[in-house]
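Got the model open in your viewer? Let's walk through it one selection at a time.

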Amino acid sequence: MINLLDIMVQVFLFLLGTIALVVVVLYVIDRTQTKHAIRRNYPVIGRFRYLFESLGEFFRQYFFAMDREELPFNRAERTWVYRAAKNNDNTTAFGSTRDLRPVGTVMFANTMFPTLEEENREITPLIIGPHTDHPFLHRYIFNVSGMSFGAVSVPALKALTQGAKRAGIWLNTGEGGLSEHHLNAGGDIVFQIGTAKYGVRDDAGLLSEERLREVASHEQVRMFEIKISQGAKPGKGGILPAAKVTKEIAAVRKIPVGQASMSPNRHIEINSVPDILDFVNRIREITKKPTGFKTVMGSFGWLEELCELINVRGSECAPDFITVDSADGGTGAAPMSLIDNVGIPIRESLPKVVDTLSRFGLRDRIRVIASGKMITPTGVAWAVCAGANFVVSARGFMFALGCIQALQCNKNTCPTGITTHNKSLQRGLDPTDKAERVYQYAMGIRKELATIAHSCGVSEPRALRREHCRIVQADGASMPLDELYPYVQAA
């Protein structure tokens, strides 16, 4: 009988020899290669630098960063979303961990006479596109922003559509076209037309009116949003890596399978301010449904020119809504130079857009939708105070799906199955369970938004005004938002 100990010794020696051989091979490779100075100077050991570099963001997130330190979203913000999505108790004790002293901190002015429960009102519904054949009457303030099919996985999309339907909120398709997964849940859909015209393009990549009519024929497609620019990459089109262009996604987008898809940096139909109105009206005439556009603000002169032109042509030609996106990133993959440096953040751009529309008498004609890092009731309430009619979020709903901010959205390696088409990774995302979390998150925002409104003494969130919000200034004192951005009357 072979001695078990001898076998174990032989296995150990074999493994030791294998490891030694691997180390020698790696040593030779590292010592002779010329691309990486660290590996050339410190063979084998230098390779651990890349491992530690990749693991660093995870260790910082869970072990080293304080609750309010991280970007783009800190642990306190993510935890609020996670707890709301699970319908857990979101109360805290022993005081706030939020530092109320930094410049720009938002706080709300409570009243001595808060709204009583019997004085509460349902959120007032608003009409979008009153001059269209199919105007959209929508009640709820907080909705799902654009996440393209392709950028997000099938299980994630199913969960989003089912949860949004149950909450009674709309879901924006993003620029990736309309799939059966968008329609199956039966909820309200906003169809986004990106610069590549995915889903409504012809073989040359131009707008296909026939395919646009086909999309518009679905009753639950309630509005059309022309994406001029987005917060992740102002002035640059969408990027979908080849690994994400599956057969199904290619069929929906009307593009070749397995090839990276790069959207143009603007619509070829839009070369001037009049072209914006012309293209909006062209889409609206074809679809017979409310049509607007989404943009990141970089300047405001063009918006004033647009408003002047609307008043010349008549208010019927105005876009039915403008989605104002913040310039500090989004779900899409983008060059760091654009994410970090281009465009104006929502805190500055939203009040100015609202004031510009007011000055030209178009505030009630054009609905304003705010987008950009507003994933908690605080951000949503600020946007309503600033003048937004609706608020949309993508990353908030990604957290509700279980996103851990792994920052791998563009690599097809998302560990939670949200932004990957790797079946083994998608397996961890159960659409039924996550649809419930999407619903609960939307309801959590709705509940606490009403709580803030009632504390300020108004009967519903749409009654919030700029005087209800205060912003901390450089001298440490806070100033009401209506003093920072005084109300503007029509000229």
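Start by selecting helix H10, residues 301–313. Its 13 residues reach 19 Å from the first C-alpha to the last, close to the 18 Å expected at 1.5 Å a residue. Keep in mind throughout that this is a predicted model.

Stay on H10 and show the side chains of Leu-303, Leu-306, Cys-307, Leu-309 and Ile-310, the buried residues of this helix. Now turn the view to look down the axis of H10: these buried residues fall within an arc of 165°, so they line one face of the helix. What covers them? Add helix H9 (273–287), strand E10 (291–296), strand E11 (321–325) and helix H12 (346–359), which are among the elements packed over the buried residues of H10. Before leaving, step off the end of the helix to Gly-314, which follows H10 and has a positive phi, near 115°.

Next stop: H7. Select helix H7, residues 209–216, and pick out Leu-212, Val-215 and Ala-216, which are buried. Down the axis of H7, its buried residues fall within an arc of 100°, so here too they line one face of the helix. That buried side packs against E6, strand E7 (221–227) and H9. Swing round to the face of H7 turned away from its buried side and you'll find the exposed residues Glu-210 and Glu-214.

Now back up along the chain to Leu-207, in the loop between strand E6 (189–193) and helix H7. Is Leu-207 buried or exposed? With a relative accessible area of 9%, Leu-207 is buried, since the cut-off for buried is under 20%. Show what Leu-207 touches, leaving out residues up to four places away in sequence: Lys-197, Val-200, Asp-202, Leu-212, Glu-269, Phe-279, Arg-282 and Ile-283. One of these, Leu-212, you've just met as a buried residue of H7. Another of the contacts, Glu-269, sits 62 residues from Leu-207 along the chain, yet their C-alpha atoms are separated by 9.5 Å.

From that contact list, click on Lys-197, which is in the loop between E6 and H7 as well. Lys-197 counts as buried, at 2% relative accessibility. Check its backbone too: phi of Lys-197 is near 60°, a positive value in a residue other than glycine. Most residues other than glycine have a negative phi.

For another lysine with a positive phi, jump to Lys-373, where the angle is about 65°. Lys-373 is in the loop between strand E12 (367–371) and helix H13 (377–386). How accessible is Lys-373? It counts as partly exposed, at 29% relative accessibility.

One more lysine: select Lys-434, in helix H16 (residues 431–455). At 12% relative accessibility, Lys-434 counts as buried. Show its contacts and you get Ala-159, Ala-400, Leu-401 and Leu-429, not counting residues up to four places away in sequence.

Finish at the other end of the numbering, with helix H1, residues 4–32. Phe-14 lies in this helix and counts as exposed, at 59% relative accessibility. Which residues join Phe-14 in a nonpolar surface patch? Select Leu-4, Ile-7, Met-8, Val-11 and Leu-15 along with Phe-14, and switch on the surface: together they have about 620 Å² of accessible area.

How values were computed: Residues are numbered from 1 along each chain as its sequence is written. This is a predicted model: local features need pLDDT of at least 70, side-chain atom pairs count only at pLDDT 80 or more; totals for chains, interfaces and linings use all residues. Side-chain values use heavy atoms; hydrogens and water are left out. Patches are made of residues with over 30% relative accessible area and no salt bridge: like charges are joined within 9 Å, nonpolar side chains (Val, Leu, Ile, Met, Phe, Trp, Tyr) within 5 Å. Accessible areas come from the Shrake-Rupley method with a 1.4 Å probe; for residues, only the protein chains shown count as cover. A salt bridge is a side-chain nitrogen of Lys or Arg within 4 Å of a carboxyl oxygen of Asp or Glu. Helices (H or I, at least four residues) and strands (E, at least two) are DSSP runs, numbered from the N terminus. Buried means under 20% relative accessible area, exposed over 50%, partly exposed in between (1.4 Å probe, protein chains only). The expected span of a helix is 1.5 Å times one less than its number of residues. The arc is that of the directions from the helix axis to the C-beta atoms. Contact means heavy atoms within 4.5 Å.
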